[in-house]
Amino acid sequence: MGKRIFGGLKVKSNILVGLLFITGILHSSYAYSYSFNEAIEAIKSHDIVSSLEKKSKALIEEGESKGSWGDPMFRVAAKNYPKDSLKDNETPMTGIEFGVAQKVALTTKYGNIEDAFAALGQATKQESENKTQELIRSFWEILIENKKLDEEINIINENLNWIKNILKVSKRLYANGKISQQALLDIQIRKSELEALLSNTEYESKQQLDKLSYVLGKKNESISKETIPWTIFKRSENETKDLKELSLKSKLIAKSKMLTAKKLAYVPDLTVSVGYTKRSNIDDKGDFVSAMVSFPLPFSGQKYSGHSQAVFEKASAEKTLANYQKFKRSEQDRLIHQIEKLNSELKILNERTIKFAENSRKITSKSYSLGDSSYIELLQSELKLQSLLLKRSKLSAALLKTKAKYKYLIGEKLYE
């Protein structure tokens, strides 16, 4: 008997260990709950943001390389040795020459090239900051959508509980012969529809976590809801910083600098070289010093086509900036009107329509329980209220998303 008890304890112990092990695995795989600020920091180090930051640094380094005159050239040459004997004492010009040559710019062309690449690097840096803002806006859209789905789950749950109570009343009325079997079946069908709608909405809510995996750069993450600063949509900032517009302006500066460099390229660079021929150890007649200046003749079409290309690229950058500024003004007005429209519609819903629908369902359900109203009237009142509540949730989400777009467009921060 003792062995059996001991064996039973051993089995239970193994089961307990197994359960603890499984619990540990489940716990380790459970989504970590980020605070809102932690999520923002994760977004700032997103791969696409880091990629643009590194590209910005690469452009600046490229500018320093292309803006340089280049390294001086050192030359060693054996000069004027007789072809037949290669003796160093048969001609007074024989010797070993040591020379240094350096390219010298007569204009500020290379400085403008370096400035152009520095401006491109700045534009790319601003693109990376703008990409961070885009990701934060996407993050907000996920949070807003999840908030909407939570509200819808609460609405459907409340409606489901209400229909369950109505079903109890309906069974009593059916037992008393006051409603038909068809009425009871229709109410049961409505209950099943609500259960299916609730299940689908819950799955949609879970899918929002899947979208976070890209924005945060990690899987199985969630956001602590109490840390979300919803009040950010109730205020506006005095200072704005449109990073997209700043990036386009920096690109225009880069194209202007490059155009200046191409204009200055018509003035050729000089190559200055000096040489020293060592021959005093040959016949004691003395050494030689030489100097040379060389420059290319601008007869090819390379400089002309390069100048024309720079002119067109600058014009393109100007048009791109002007087009964005026009779009921004138009989109800003559109979003303001959209916010006003949504606010007006929500005000009517909250102050009148939903209150009327709530009273209608309350009155109809009471009348139905007394056998005075039909089940069709009952279901119509229930469907109407649910439709209005879901519409309010949808409009509230659309309002927040529109405000997020507006803040992003004018350059306001989307985090505290």
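This is a short tour of a predicted model, with stops at its nonpolar cores, one helix face and several salt bridges.

**Stop 1: the largest core**

Start by selecting Phe139, Trp140 and Ile223. These residues have the most contacts inside the largest nonpolar core, which has 27 residues. Now color helix 2 (36-44), helix 4 (109-175), helix 5 (181-216) and helix 9 (375-410): each of these elements gives two or more residues to this core. Helix 4 supplies the largest share, seven residues.

Keep Trp140 on screen and show what surrounds this residue. Leaving aside residues up to four places away in sequence, Trp140 touches Phe36, Ile228, Pro229, Trp230, Ile232, Phe233 and Leu414.

Another core, of 21 residues, lies apart from that one. To find this second core, select Leu248, Ala357, Leu388 and Leu395, which are among its members.

**Stop 2: helix 2, end on**

Which residues of helix 2 are buried? Select Phe36, Ala39, Ile40, Ala42 and Ile43 to see them. Then turn the view so that you look down the axis of helix 2: the buried residues fall within an arc of 160°, so they line one face of the helix.

Stay on helix 2 and select Lys44 and Glu41. They form a salt bridge, with the closest N and O atoms 3.6 Å apart. Both residues lie in helix 2, three residues apart, which is about one turn of the helix. Lys44 counts as partly exposed because its relative accessibility is 31%, and Glu41 is also partly exposed, at 49%.

**Stop 3: more salt bridges**

Side chains of opposite charge can pair when their charged atoms come close. In this model the count comes to 26 salt bridges, so there are further examples to visit.

Move to helix 5 and select Lys191 and Glu195, which are four residues apart, about one turn of the helix. The closest N and O atoms of this salt bridge are 2.8 Å apart. Glu195 is partly exposed, at 32% relative accessibility.

Next, select Lys391 and Glu345, a salt bridge whose closest N and O atoms are 3.4 Å apart. This pair links distant parts of the chain: Lys391 is in helix 9 and Glu345 in helix 8 (residues 302-369), 46 residues apart. Lys391 is partly exposed, with a relative accessible area of 39%, and Glu345 is partly exposed at 24% relative accessibility.

**Last stop: a network**

Finish by selecting Glu145, Lys148, Glu152 and Lys401 together. These four residues are linked in a network of salt bridges.

Notes. Residues numbered from 1 in each chain as written. Predicted model: local features only at pLDDT ≥ 70, side-chain atom pairs only at ≥ 80, totals over all residues. Heavy atoms only, no water. Core = buried A, V, L, I, M, F, W, Y, C linked by side-chain atoms within 4.5 Å. Buried < 20%, exposed > 50% of the residue type's maximum accessible area, 1.4 Å probe, protein only. Contact = heavy atoms within 4.5 Å. Arc of directions from axis to C-beta. Salt bridge = Lys/Arg side-chain N within 4 Å of Asp/Glu carboxyl O.
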